Amino acid sequence: MESLPLDPEHAGFVERARAHMQKQREELSGRPPFPVYALATPELSPGALAEVYRENDAWAPVKIVYGSPVAADGPWVNVTTSLGESPDLAAVLVDERDRLFD
């Protein structure tokens, strides 16, 4: 089997990804002032931190995703933890419909 030549952009991509992950790690080291929830059962993998950031020293929602977002038959679970009011269920369903369409 013949291997493909290395992509000259690969090293740059890896370095940018590592820098981005380090920034997220540093951001999370301050810990949000609220408990972050995760999926307990069923055990789905891989689990990944999908979204977290702070804006003007306020924490935005923390999202952890499980399963494959591209598998049409699932399973795929998004666990979002945030402070404040719960999102409008109709808006959440519209967002999920759009995600599946994409």
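**Strand 4 and its neighbours**

This is a predicted model; the protein averages a pLDDT of 76, and 87% of the residues score at least 70.

Student: Which element of the protein has the lowest confidence, and which the highest?
Tutor: Mean confidence is lowest, at 72, in strand 2 (residues 54–55). Where pLDDT is low, the predicted coordinates should not be read in detail. At the other end, with a mean of 84, confidence is highest in helix 2 (residues 89–101).

Student: Why is strand 4 (residues 62–67) largely enclosed by the rest of the structure?
Tutor: A residue counts as buried under 20% relative accessible area. Strand 4 is largely enclosed because the number of its 6 residues that are buried is 5.

Student: How many bridges join strand 4 to strand 1 (residues 47–51), and how many pair strand 4 with strand 5 (residues 76–81)?
Tutor: Strand 1 and strand 4 run antiparallel, joined by 4 bridges; one bridge partnership puts E51 with K63 of strand 4. Strand 5 also pairs with strand 4 in the antiparallel sense, and V62 has T81 as its bridge partner there. The counts are 4 bridges for strand 1 and 6 for strand 5.

Student: Is A48 buried, partly exposed or exposed?
Tutor: A48 is found in strand 1. Its relative accessible area is 35%, and the partly exposed class lies between 20% and 50%. A48 is therefore partly exposed.

Student: Which residues does A48 touch, leaving out those up to four places away in sequence?
Tutor: A48 and Y66 are 18 residues apart in sequence, yet their C-alpha atoms are 6.6 Å apart in space. Contact requires heavy atoms within 4.5 Å. With that cut-off, A48 touches K63, I64 and V65.

Note on methods:
Residues are numbered from 1 along each chain as its sequence is written. This is a predicted model: local features need pLDDT of at least 70, side-chain atom pairs count only at pLDDT 80 or more; totals for chains, interfaces and linings use all residues. Side-chain values use heavy atoms; hydrogens and water are left out. pLDDT is the predictor's confidence in each residue, from 0 to 100. Helices (H or I, at least four residues) and strands (E, at least two) are DSSP runs, numbered from the N terminus. Buried means under 20% relative accessible area, exposed over 50%, partly exposed in between (1.4 Å probe, protein chains only). Two strands pair if DSSP finds at least two bridges between them.
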